[in-house]
Amino acid sequence: MVDRIGRAEHTHQYIASHARAVAESYGYSPISTPILEYSSVFERTLGADSDVVGKELYKFLDSSQYWMTMRPEGTAGVNRAVITNELENRMPQRLFYSGPMFRHERPQKGRLRQFEQFGIESMGSTHPAADVECIQMGWEFLNRLGVDGGLQVQLNTLGDTESRTAYKRLLKEYFYKHLGELSETSRLRVDSNTLRVLDSKDETDLEIIADAPPFLSCLSADSVCHFDFVKKSLESLGIPYLLNDKLVRGLDYYQHTVWEVTSSSSLLGRSQGTVLAGGRYDGLSKILGGTKSIPGVGWGAGIERLALLLGNQDVTSCPPAIPVLVVPESTNETDAGGLRTVPDSLYIYAMQVAARVRGISGHGSYVFKPPTTSNHPRVSKQLASVLKSYLTPSHVVIVGSAEMANGTVIVRNTATKTQRPEPDPATMKITIKDWKAVAGWKWDLPDDDVCGICRVPFDACCPGCKIPGDDCPLIWGECSHVFHMHCLLKWLSAENSQQQCPMDRRPWVTAS
């Protein structure tokens, strides 16, 4: 468990906001479930013999003698919420969530006992297209983040119930032949949860697992068709994948497609390459007491691990706020020990200047306040303190009694270390020397429609034009978004646009 301050919290917010934007662009809606749930929610779904239930749950008996658990993952809570809120007859449901999860496991790099997770759940469809969409969404999210290290989708199928039953029988026969060589944990799992043996990280177990019979040999015809559709669709979408027949889920309600996205970056540490994992979980709702067996598929991603991959990238979404520094006045050396003070009127003027900067510059602004006011620090010390922040402002504003009297400020460029006097933003005036009237006109669009890039109404013109009219036409995309033509051309010419619509980040195609 860690505190997140400054850059660390900005990075978490950056990751979560990107995930949310991608989920919403696919038509998903937010859901929030309680951190505390009845323990049965997780004990039923995770399995009594799982490591999570056996060793990692934060579980306690409350004053009403109910066993409560701090949620270790998000899928069970979302499925429970669908049942509780009687959404079983209102399918499909497309939901995303984010928030803290809790597991009492040995802390590792990127794995904490309280960790943040973002996840999505697509419920109501058995078609493999839902599996593909989830994989595509996760792949788009990770690539949009620009994380360090090569990403790879590892893919497998668990087949249907018939396929899984046949494979577990075959796998159990194989492991019985090597029972004496397996680790103690794996020996216990051979009978209780055979598939979980494939999850072992023990080096001796891995040598035995490498020669285990492949799952594909037990797949039913329906399972083969389901998996073939997934693979063919990923190839058509240009999403590379690697088949991994040792990738499994040990719980019976998992079926068909399972996948993980791994990173080769050294920033995650040894043997900790998975950054996103998902799978199809048809049958989970019945385990939770639902009246129907609701098909579902989804994935989850740990935000701490993604933050490690971002390293020291600057992910702030807005420019640093501009501080206003106040020049103190020195008292007589023989009086009061020569303290430096700031008159109330000067503080008020500084706050007015900060408010005006916020109103006209597009930047935030604030008055720098030192830890003590009994001996106000010199401007040089105030400036040094401001520049120590990880968000270094591009400029600072300096005001003193002389500036207050003249209605001016001093603006200092922190990069070039140059400064110049400027008028107080409130006293700046614009004189119109000439003007020409033009005929009024209006696009045939609702009154409140504005360009998605410059945010200027369509009945005006874009910032690059002087006069609205035919020289500033509108342009529609197949995604249904509309922009000033000049705004869109400027956007598409920028390298970071990736030729995508600025509203939903889908490839831009002009409507015919």
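E422 is partly exposed, because its relative accessible area is 24%, and buried would require under 20%. This residue belongs to strand β18, which covers residues 418–423. Leaving aside neighbours within four places in sequence, E422 contacts T408, V409 and V411. G407 lies 15 residues from E422 along the chain, and their C-alpha atoms are separated by 9.1 Å. The model described here is predicted.

**Two buried residues**

E121 sits in strand β6, residues 114–123. Its relative accessibility is 0%, so E121 counts as buried. The side chain of E121 makes a polar contact with the side chain of T75, at 2.8 Å. Beyond four places in sequence, E121 touches Y28, T75, V78, Q93, R94, L95, Y97, Y281, V297 and G298. W299 is far from E121 in sequence, 178 residues apart, yet the two C-alpha atoms are 6.9 Å apart in space.

S163 is placed in helix α6, residues 161–176. At 1% relative accessibility, S163 is therefore buried too. Its side chain has two listed polar partners. One is the backbone nitrogen of S220, which lies 2.9 Å from a polar atom of the S163 side chain. Another is the side chain of S223, in a polar contact at 3.3 Å. Not counting residues up to four places away in sequence, S163 touches F215, C218, L219, S220 and S223.

The table sets out the polar pairs described above.

| Residue | Partner | Distance |
|---|---|---|
| E121 side chain | T75 side chain | 2.8 Å |
| S163 side chain | S220 backbone nitrogen | 2.9 Å |
| S163 side chain | S223 side chain | 3.3 Å |

**Helix α4**

T75, the polar partner of E121, is one of the buried residues of helix α4. This helix spans residues 75–84 and is mostly covered, with nine of its 10 residues buried. Which residues of α4 are buried? They are T75, A76, G77, V78, N79, R80, A81, V82 and I83. V78 is among the residues that E121 touches. After α4 comes E86, which has a positive phi, near 55 degrees.

**How α1 packs on α5**

Two packed helices are described by the angle between their axes and the distance between the axes. Helix α1 covers residues 7–25, and helix α5 covers residues 128–145. They pack at about 140 degrees, with their axes 10 Å apart. That angle makes α1 oblique to α5, because roughly antiparallel applies to angles over 145 degrees. The crossing of α1 and α5 is right-handed.

From α1, the contact uses Y14, I15, H18, A19, A21, V22 and A23. From α5, it uses M137, E140, F141, R144 and L145. By class, the contact of α1 with α5 holds nine nonpolar residues, one polar residue and two charged residues.

**The chain as a whole**

How many helices and strands does the protein chain have? The secondary structure comes to 15 helices and 20 strands. The protein chain has 512 residues, and 46% of them count as buried. E121 and S163 both count as buried, whereas E422 is partly exposed. Among contacts in the protein chain with a separation of 6 or more, 66% join residues 24 or more positions apart.

Terms used: Residues are numbered from 1 along each chain as its sequence is written. This is a predicted model: local features need pLDDT of at least 70, side-chain atom pairs count only at pLDDT 80 or more; totals for chains, interfaces and linings use all residues. Side-chain values use heavy atoms; hydrogens and water are left out. Axes are lines fitted to C-alpha atoms, for helices over the stretch in contact, and angles run from 0 to 180 degrees between N-to-C directions. Helices (H or I, at least four residues) and strands (E, at least two) are DSSP runs, numbered from the N terminus. Angles under 35 degrees count as roughly parallel, over 145 as roughly antiparallel, 65 to 115 as roughly perpendicular and the rest as oblique. A crossing is left-handed if the near helix is turned anticlockwise from the far one by less than a right angle, and right-handed if clockwise. Contact means heavy atoms within 4.5 Å. Ala, Val, Leu, Ile, Met, Phe, Trp, Tyr, Cys and Pro count as nonpolar, Asp, Glu, Lys and Arg as charged, and the others, Gly among them, as polar. Buried means under 20% relative accessible area, exposed over 50%, partly exposed in between (1.4 Å probe, protein chains only). A polar contact is a pair of N or O atoms within 3.5 Å; within protein, one must be able to donate a hydrogen and the other to accept it, and residues adjacent in sequence count only if both atoms are side-chain atoms.
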